[in-house]
Amino acid sequence: MLVILDWDGTVCNSEARIVSCMQRASDRVGLPVLEPGAIGNIIGLGLPEAIAELFPESHSEQRARLREFYAEEWVAAATEPLPLFDGVLATLDKLLGAGHQLAVATGKSRRGLNREFEDHGVGHLFPVSRCADETASKPNPLMLREILAETGVSVSEAVMVGDTEYDLRMASAINMAAVGVSYGVHSRERLSDCRPHRIIDHFTELLQWSPLVA
């Protein structure tokens, strides 16, 4: 089976850094410094879409400057790699050992994802990935369609795993199986509203979902 993983909030524990970088960048632009919950709500979207959602009254110049400043803040904050959630690496190894394939579908930029791959030495585990700056942002399912096309896997043989409704809605749009993770940015209740096939509380529980059991 092809296991397509969201990155931020599913594989990587990055919420705090995303929130702080957005707060500092918006302050530099002169936009409101939003509370963490509001910023956490848009994690998973592409950066332009996230900014438009957070600051609907902002004008195009402000949004462009905010994207620039956010990128600067992110680089400045990246003094050490962000942690992966407990059990991620062992679980990925077991999935591959059982014959499953891995891919990533993320709201990150390509530059950002490649940096994460390099920091953790895991790029070789994901021969196929899609980022929001090279295709349509979630919840549009285009990145999933592109991953399926590149791997040659049918939708019935793939699953999307993510921590936000954007991940689950994206999968639902093309009738792909979906697994929600409760430890990310969206609540279990919010994930449940999207009717995923399963919600897990720890990444290792992927190995207990029947379609992935060896």
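Is the crossing of helix 1 and helix 4 left-handed or right-handed? Keep that in mind while we look at this predicted model.

Start with how such a pair is described. Two packed helices are characterised by the angle between their axes and by how far apart those axes are. Here, helix 1 covers residues 15-29 and helix 4 covers residues 60-77. Their axes come within 8 Å and cross at roughly 135°. Angles over 145 degrees would count as roughly antiparallel, and 65 to 115 as roughly perpendicular, so helix 1 and helix 4 are oblique to each other. As for the opening question, their crossing is right-handed.

Now for the residues that meet there. Helix 1 brings Arg17, Ile18, Cys21, Met22, Arg24, Ala25, Ser26, Arg28 and Val29. From helix 4 come Gln62, Arg65, Leu66, Phe69, Tyr70, Glu72, Glu73, Trp74 and Ala77. Sort the residues of this contact by type and you get 10 nonpolar, two polar and six charged.

Let's move along the chain to helix 8, residues 165-173. Its buried residues are Glu165, Tyr166, Asp167, Leu168, Met170 and Ala171. What do they pack against? Their partners are strand 2 (101-106), helix 7 (142-151), strand 4 (158-162), strand 5 (177-181) and helix 9 (188-192). After helix 8 comes Asn175, with a positive phi near 60°.

Finally, find Gln208, in the segment after strand 6 (198-200). Leaving aside residues up to four places away in sequence, Gln208 touches Arg198 and Val213. Remember Ser26, from the helix 1 side of the contact with helix 4? Ser26 and Gln208 are 182 residues apart along the chain, and 42 Å separates their C-alpha atoms.

Terms used. Residues numbered from 1 in each chain as written. Predicted model: local features only at pLDDT ≥ 70, side-chain atom pairs only at ≥ 80, totals over all residues. Heavy atoms only, no water. Buried < 20%, exposed > 50% of the residue type's maximum accessible area, 1.4 Å probe, protein only. Helix = DSSP H or I, 4+ residues; strand = E, 2+ residues; numbered from the N terminus. Contact = heavy atoms within 4.5 Å. Axes fitted to C-alpha atoms, helices over the stretch in contact; angles between N-to-C directions. Parallel < 35°, antiparallel > 145°, perpendicular 65-115°, else oblique. Left-handed = near helix turned anticlockwise from the far one by under 90°. Nonpolar A, V, L, I, M, F, W, Y, C, P; charged D, E, K, R; others polar.
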